[in-house]
Structures are given as structure tokens and as C-alpha cells.
Amino acid sequence: MNLLLGIIQALMVLMLAPFFAGFIHKLKQRIRGQKGISVFQLYRNLYKLHKKEIVLSKDTSLVSRLAPYFYFLPHALLCFMLPFFYESPLLGNSSNPVVLLYLLSLSIFFMTLYALDQASSFGALGSSREWFISSLSEPSAILLLFSLCIYTGEFNLSHAFLTLSNELRSFFSEHPSRFSISIPFLLLFTLLILTLAENARIPFDNPETHLELTMVHEANILEASGPHLLLFEYGSYLRLTLFLSIMSILIFPFIGDSTFYPLAFALYLLKMLFLCILIAFVESFNAKMRLFRIPNVLSFAFVLSLLTLILSMEA
């Protein structure tokens, strides 16, 4: 039973990822006063890409044929590792911070390999900018995840999230145990900055632009077409969903067992929609910042994550 529910949880996250990205896009268009696309338009786009032909330059190597799959697979694997709303994910025993960060970096590595293999000037430009942002945000991500592990006393992220969930339940019980507000708040605020940076969102990047001078993520996949572009796009939706899901657990860490499965899923959906609205508002009321101002914001995130680590060690 646990195995089946764990697989269903991962499949539901895989299916919902384009919906969350489409919902953010729809909200941003409505805030601008536009009618906007349907929230299901990204599913139609993926289907159209599946039907199209892959076009590759004759000068590309085997890397261009394999890299899109190795960009998508780490994100799909993470969907089977994390407890989004059910306590026993299929690969929960492997969900430690090192594996999570390694898989996220591995996907970026293969995307930049793809960009470089195209031998276009935009590919080199996009890959260098992608690693510039990623190398600045990863130290904060490492400190953030280890702070969470130290605070909960669990190196396994599935167990750490379950510990947070149990703390929340005990808080509402007759005999509440320790429950810190400051540490989850700092974790949440730092993770919001990292979510925007790691997912090429405003103010770090603009996912809707194709202006050569400002592109970051889009410059890496400018030459991709057909199913290869589908894998890159779908992988980026999954990446955004993974970051938002971790934030949703920190906001209200309710993870259910088989008895509370429907309730936990309904709460997960509500939290994700709330976070999508938050991201849409942040992106609508901020402009894309200059590239050389990005280190200032990410340095602030690093200080916050360092402060969280110190507080976690003393908790």
C-alpha cells in the first residue's frame, strides 16, 4: 500500500507541474490587464512539441542527443524522493541534502553542455550566466538544507520534513513540544530568494524574454526543438514545482499517512496555489535587475542561511 501511494504521489506531482507554471503565467497576464492564456495551455504546448521533429545542426555531437534526457531525469527522480504530502515517498531513503543538490546541479550541468555543444554565441553566453547565478546560490542552498537537518536532527530530508509535521501536530495538541517560528521563517524567506534565482524568474531572469542581451535560461535552450525542447521545458516546470513544494512544507508542514492522504493532498494544492500567487505578484511588481546586482541579493540570502544555521545549532 505504501509503495502504491508513494508512486501515486510522484505521478500527481509530475502531472501537476505544468499546471502550476501555467497558473503563474495566467496570473501575471491578468495582473497586467490581459486576458491571458488558459492555465492548461502549457500541456497543449508540450503535446505540440512531442509531435514536432528534432532539428540538430550537423556539427553537434552525441551530447546534444542525450543532454535533454539527463536534464529531465534528475528532476523526475526527485519527485519520487520527497514527501510532498505523503509520508512514505518511493525513494525516501535516498533523499538527503547531498543527493538533492547533486541532482539539481547535474541537470544544470547537462543543460549547459547542450548549450555549448550547439557552438552558438548565445549558448556560451547563457551557460556562463547560468553558472554565475548557480555558483552564487548553491552555498546558500547547502547551508539552508543542512540547517534544516540540524534543526530537526535528521539527515534524511523525508524524515526532517516528517519531524516538522509532527512538531506542528504537537503544537496543536494538549502537550505541545518545542516549535520554533523563527527558524522556519528564515528558511522560508531564504528559499524564496533561491527559488527565484534557481528557476530563472524575475528579478534574476525573465522566462518570457528572448532578447539576446538579457537571456539566461532561454539562451541555453535556444537551439532546442521538438521533444528535446519538451524535456527542457517540462524539466524546468518540475524544478519550479520542487522548490515551491519544499516552501509549502515549511509554510505548513502537514504530511499525512494513508488515512489523511486526501486531506494532505488538498492542503498541498492550497499551499501551492498560494505560493504561485506570491510568485506571480513578486514577478509582476519587480523589474529584472542588472546581472551585476545579482551577487548583492544572493549574498543577503547567504547571510540569512548562515544565521539560520547558527540558530539551528543552538536550538
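Which residues does histidine 228 touch, not counting residues up to four places away in sequence? They are Ile54, Leu56, Ser64, Arg65, Pro68, Tyr69 and Tyr114. The model is a predicted one. Histidine 228 sits in helix 9. This histidine is buried, with a relative accessible area of 3%.

**The largest pocket**

Helix 9 also takes part in the largest pocket. This pocket has a volume of about 630 Å³. Its lining is made of 27 residues. Pro207, Glu208, Glu218, Glu233 and Tyr237 are the closest to its centre. Helix 1 (2–31), helix 2 (41–51), helix 8 (217–220) and helix 9 (226–251) are the elements that give two or more residues to this lining. Which element gives the most to the lining of the largest pocket? Helix 9 does, with six residues. Sorted by class, the lining of the largest pocket holds 13 nonpolar, six polar and eight charged residues.

**Helix 2 and its two sides**

Helix 2 is one of the elements in that lining. Its buried residues are Gln41, Leu42, Leu46 and Leu49. Why do they lie on the same side of helix 2? They cover an arc of only 140° around the axis, so they fall on the same side. The buried residues of helix 2 pack against helix 1 and helix 9. The face turned away from the buried side carries Tyr47, His50 and Lys51, which are exposed.

**Cavities**

The structure also holds four cavities of 30 Å³ or more. The largest cavity has a volume of about 130 Å³. It is lined by 14 residues, and Leu100, Leu101, Leu104, Ala141 and Phe243 are the closest to its centre. Helix 4 (97–117), helix 5 (121–152), helix 7 (182–198) and helix 9 are the elements that give two or more residues to this lining.

The second largest cavity has a volume of about 60 Å³. Its lining includes Ile108, Arg129, Glu130, Val216, His217 and Arg239. Helix 5 and helix 7 each supply at least two residues of this lining. Helix 5 gives the most to the second largest cavity, with four residues.

The table sets out the classes of residue in the two cavity linings.

| Cavity | Volume | Lining residues by class |
|---|---|---|
| Largest cavity | about 130 Å³ | 10 nonpolar, one polar, three charged |
| Second largest cavity | about 60 Å³ | five nonpolar, two polar, four charged |

**Cysteines**

How many disulfides does the count come to? The count is zero. A disulfide needs two cysteine sulfur atoms within 2.5 Å. For cysteine 149, the closest cysteine sulfur is that of cysteine 79, at 19 Å, so the two are too far apart for a bond. Cysteine 276 is in no disulfide either. The nearest cysteine sulfur to cysteine 276 is that of cysteine 79, 15 Å away.

Are these two cysteines buried or exposed? Cysteine 149 is buried, with a relative accessible area of 6%. Cysteine 276 is buried as well, with a relative accessible area of 0%. The cut-off for buried is under 20%. Histidine 228, at 3%, is buried too.

Definitions and conventions. Residues are numbered from 1 along each chain as its sequence is written. This is a predicted model: local features need pLDDT of at least 70, side-chain atom pairs count only at pLDDT 80 or more; totals for chains, interfaces and linings use all residues. Side-chain values use heavy atoms; hydrogens and water are left out. Buried means under 20% relative accessible area, exposed over 50%, partly exposed in between (1.4 Å probe, protein chains only). On a 1 Å grid over the protein atoms alone, a cavity is a set of points where a 1.4 Å probe fits but cannot get out, and a pocket is an open set with protein on both sides within 12 Å along at least five of seven lines; lining residues have an atom within 4 Å of a point. Grid points are joined across faces, edges and corners, and a volume is the space filled by probe spheres set on the points. Ala, Val, Leu, Ile, Met, Phe, Trp, Tyr, Cys and Pro count as nonpolar, Asp, Glu, Lys and Arg as charged, and the others, Gly among them, as polar. The arc is that of the directions from the helix axis to the C-beta atoms. Contact means heavy atoms within 4.5 Å.
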